[in-house]
Amino acid sequence: MLSGHASGGVPLLLPTPSQGACYRLLFAVDIIGFGRRDSATQSYLRAALYGCMTGAFIEIGLPLSSCHIGDRGDGILVVAGIDISPELLLRPLATELHARIQQHNAMSIPAAEIRMRTAVNGGYVQMDTHGVSGKAVVHLYRMLDAPPYKSAMEDSGADLGLIISDHLYREVVQGPCRLKPLPFSELLIEVKETVATSWLWHTRVSSVLDGQPHQDA
């Protein structure tokens with residue numbers, strides 16, 4: 001396993017080419033409106049992103065140092081091991097991540113506040129010294145970049161959104177989920193050649209803590 005470091009000191013774990021196809025849980029995050037910020041603010045937001053992610057993943061018992069991390073400039077790809085429960089990447093991670101987003105925004109000027117779109121998928125990927133590839137990764141980013149998802153976040157003003165694949169929703173959220181699930185709503189995505197059902201939640205729909213409808217002040 002090769003290693004390096006990303007912004008914020010998080011090791012970049014690069015898998016060896018001998019691993020071949022393997023099932024992995026995939027988590028992606030994107031900073032909303034990153035390209036509209038100046039260079040200094042972009043650097044500040046990248047540091048904030050890594051700080052929020054590092055703390056949130058530690059709290060759910062999945063340190064980023066134990067995962068493969070792919071830096072995307074305005075986002076991060078996290079590839080978790082096969083022994084990780086997908087439930088951890090839903091309500092528990094959303095709860096911890098949202099708390100850190102709120103803390104950051106409370107201490108920042110409006111231009112430096114952070115909002116995030118996140119996505120979760122699972123599937124077989126190919127892992128090599130350059131990173132990961134496969135249909136599961138492509139689908140993850142189709143969901144993350146879907147125009148209906150972006151529109152929902154823009155219209156709501158939510159500071160955190162989560163979109164998950166249909167198979168994760170049916171097998172985990174509708175399955176024997178040990179944790180109270182988030183109130184997802186169905187969302188059809190059409191991006192390039194991908195036409196698929198996904199499931200969306202964001203912080204204007206409900207609180208991550210109690211699942212109750214969000215009430216504006």
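Student: What share of the chain's accessible surface belongs to carbon and sulfur atoms?
Tutor: In this predicted model, residues are numbered from 1 along each chain, and side-chain values use heavy atoms, without hydrogens and water. Local features need pLDDT of at least 70 and side-chain atom pairs 80 or more, whereas totals for chains, interfaces and linings use all residues. The accessible surface (Shrake-Rupley method, 1.4 Å probe) comes to about 10,200 Å². Carbon and sulfur atoms hold 54%.

Student: How much of the chain is buried?
Tutor: Buried means under 20% relative accessible area, with over 50% exposed and partly exposed in between (1.4 Å probe, protein chains only). Of the 217 residues in the chain, the buried ones make up 50%.

Student: Which element gives the largest share of the largest nonpolar core?
Tutor: A nonpolar core is a set of buried Ala, Val, Leu, Ile, Met, Phe, Trp, Tyr and Cys residues joined through side-chain atoms within 4.5 Å. The largest has 42 residues, of which F27, M53 and F57 touch the most other members. Elements (DSSP runs: helices H or I, at least four residues; strands E, at least two; numbered from the N terminus) that supply at least two residues include strand 3 (20–31) and helix 1 (39–59). The largest share, eight residues, comes from helix 1.

Student: Which residues does M53 contact, leaving aside neighbours within four places in sequence?
Tutor: Contact means heavy atoms within 4.5 Å. Outside those four places, M53 is in contact with F27, V29, L64, I76, V78 and L97.

Student: How many residues are in the other core?
Tutor: This core lies apart from the largest one. Among its members are C22, A28, Y141 and L187, and its residues number 26.
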